Structure formats: C-alpha cells, structure tokens
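Reader: I'm new to this one. Could you walk me through how to read a few of its features?

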Amino acid sequence: MLGRREFIAGAGCVMALPTFSTERRLFVPPEEALHEFTFMQWPVNANVHTDRYFLDDLQAKIADIANAIVDFEPVILAAAGEYHKSIRQRVSGAVELVDIPTDDLWARDSGPLIALDGVGNRVVSHLKFNGWGDRQVHSADGLVAERMARWLDFDIVDSGLVGEAGGAEHDGHGLLMAHESSWVHDNRNPGLSRDVIEERLLAAYGAERIIWSPGVRDMDITDYHIDSLARFTGSGQVLLNLPEEPDMSDPFHLAALDTHDALVATGLDVEVIFEPNQRRVQSEDFVASYANYYVCNGAVIAAQFGDQETDSAAQVVLAKHYPGRQIVALNVDALGEIGGGIHCATQQVPAV
C-alpha cells in the first residue's frame, strides 16, 4: 500500500544524463484542464511480467481503463503494430492504436509530459525515463516519449533530468510537490544536488516553488512516487491517501505522515481519504490508493477495492473535489498487485 511497486525484472538499457536546456519557458496545465486525448501503453514484455495469465489480466485492466476514458475523451493506445489485431478485439473501436513499441503499461512515467511554451505551442517537456533507476527492462519504454513526440510532431524540450511524471504532482498554479527519494537519487540524477534538481523540475513544469518531503528510498521500484499518496485538486487543495491506523514501524506509513505534515505546514487544505480495510487483495505490497485516480474531460476514473464503506466514501470525496464530473469506479486490482494504479497508467495531452 501507499505507493509500493515491486522490483519486477532486471535492468535495461543505460541512459546518459541529458543536457539541461532553458531556451523555452514552459507550462504544464493541471490535469483537470481540458484534454485533447489520453495517452496509454499496452503491456507486452514477458521479461517484465513472466506469468502469461497475469499479463493477460493486466491487459484486460488496461482495456477497461481505456474503454472507460474513451466515453469522455479520445484515447491513443501505444503498442507495436504486431499486437494491434488482438488489442482491437479488447478495446472500443473509438480507441486509436498507434504503432509505438512498449514494454509495460506505465504511461505516466515513460510516456510524454506535455507542456505549452510561451507562444502556445505544445511540446514534450522531457523527463528521461531509465526504468526507475535501471531497475526494469525498458528498451522500448525508454523511447516511448521521443517516439510519441515525433508522432505528434511536437518539439522535445530537454529537462536535464532523469525521472518520471508520477514522481511529481503539479497544481497548475505554480506549486509542485515531490518526494526527494524519487529525484535526489544516484540511480536517476547522479551528481545533481536537490537545489539543481528543483530548479530543473520547476522549469520543466512552469512552476514557482516545490514542497519536498523525504519519501522512501530503495524499498519499491519507484522510490515512492507521490501520485499514489497525494494529489492536488486545485489551487491550495490536496487529497491524501492514508491508512486509518498507520503502522508506526512501516517506513511508507511514516513517510506518508511526514508528507501530510509538510503539506499542512505550508497552509494547504489537505483532506484525507482512508485506505480500504476489507479489500479483495490482501497482499502486504498491494497498492490500495484512492489517490491514484485520473481526471479526464467530464469524469474521474477511480479505483474501487471491494470495501463498500471506503469505496463509497472515496467516491463522495472525489465528487466534492471535482464537481460536475462523473465518478467512474473500476476494479483494477491487477495494477495494485504490481504497485500502481489508474493514474500511473495514463497521461493527459492538454488541448490548446
């Protein structure tokens, strides 16, 4: 729970640290702003997901998410062309397939982060993906953002950082929050201080300041991405996912409480959603995060875990924070079993 993702497979290709560029001023709109479409990825790599039946279940959940989103906005699903025929049997005809090879499903991390530049053009504000510190094979996923940029005919603006968009949360009003563990780490940005990383993150998102908290290093594959714990729902507003009774011997619970306190200390309005108590999957490493939802045009696509009381309470809170949007709750347990959720599997492309 609380954002853990297991170490699934061996390392992939080694990526060189990119060169930092400050030539263009960028702005990443908030997730609740109007989208042109949602970008997703199809998981296929048997070296990552060695159980064929579990991989089939993961693919079914990605199809469910895509089919839910496409009722509200277009969906572009990336996969190598050889898989398109079988995918077409599982997704709505409204889902567009693009011939971009993938390894895994985590579009939030390996997909393109889209920003607007100073004259209104959309560009890829590039956070180089290296398999969460070279912990997972990523020969295809390490190139997805660049290939998608070419498909979209968007320029790439290098952030000078290795990392993932799941490791930073942006309110669209000048504020970021992140765990140091996902960024100030030699497996991603060796030799860079927190101050330098902060400068580059602010430039990549077009933000003015960042709230840091320590996070947890080297205990899950992401080094504790913040998007399974805390989400901005507007200027000054945060939803945060916590266990009702934190285990004070659990480093993830302690880090979550630290993040909560850091956000409250800055004067933000923080509302807590409690994790389910009676969920379908009881594994200790299962991620049961109501915060790992996705906001699309007209809807919030969220997880339900089989606890009627907490599932209902979470949906009420989401409806309050996103008035006028339909709350669509899905069973995506297979994603939670490998440490992620709906937000991790999606990436918005903002409309101009």
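Reader: Let's start with the cysteines: how many disulfides are there?

Author: A disulfide is a pair of cysteine sulfur atoms within 2.5 Å. By that rule the count here is zero. Before going on, note that this is a predicted model, where local features need pLDDT of at least 70 and side-chain atom pairs count only at pLDDT 80 or more, while totals for chains, interfaces and linings use all residues. Residues are numbered from 1 along each chain as its sequence is written, and side-chain values use heavy atoms, with hydrogens and water left out.

Reader: Why is Cys296 not in a bond?

Author: Because the closest cysteine sulfur, in Cys344, is 16 Å from the sulfur of Cys296, too far for a bond. Cys296 is buried, at a relative accessible area of 1%, and Cys344 is buried too, at 2%. Here buried means under 20% relative accessible area, exposed means over 50%, and partly exposed is in between (1.4 Å probe, protein chains only).

Reader: And how do I read a pair of aromatic rings?

Author: A pair is described by the distance of the centres and the angle of the planes. Rings of Phe, Tyr and Trp (its six-membered ring) pair if their centres lie within 6.5 Å; planes under 30 degrees apart are stacked, over 60 edge-to-face, and the rest tilted. The count in this model is five aromatic pairs. In one of them, the rings of Phe286 and Phe305 have centres 6.0 Å apart and planes at 90°, so the pair is edge-to-face. Phe286 is buried, with a relative accessible area of 1%, and Phe305 is buried at 3%.

Reader: How are the rings of Tyr290 and Phe305 placed?

Author: Their centres are 5.2 Å apart and their planes at 65°, so this pair is edge-to-face. Tyr290 lies in the loop between E13 and E14, and Phe305 in the loop between E15 and H8, so the pair ties together parts 15 residues apart in sequence. Those labels come from DSSP runs, numbered from the N terminus: helices (H or I, at least four residues) and strands (E, at least two). Phe286, Tyr290 and Phe305 form one aromatic cluster.

Reader: What about helix H6: which of its residues are buried?

Author: An α-helix has 3.6 residues a turn, so residues three or four places apart point the same way. In H6, the buried residues are Ile197, Arg200, Leu201, Leu202, Ala204 and Tyr205. Just after H6, Gly206 takes a positive phi of about 75°.
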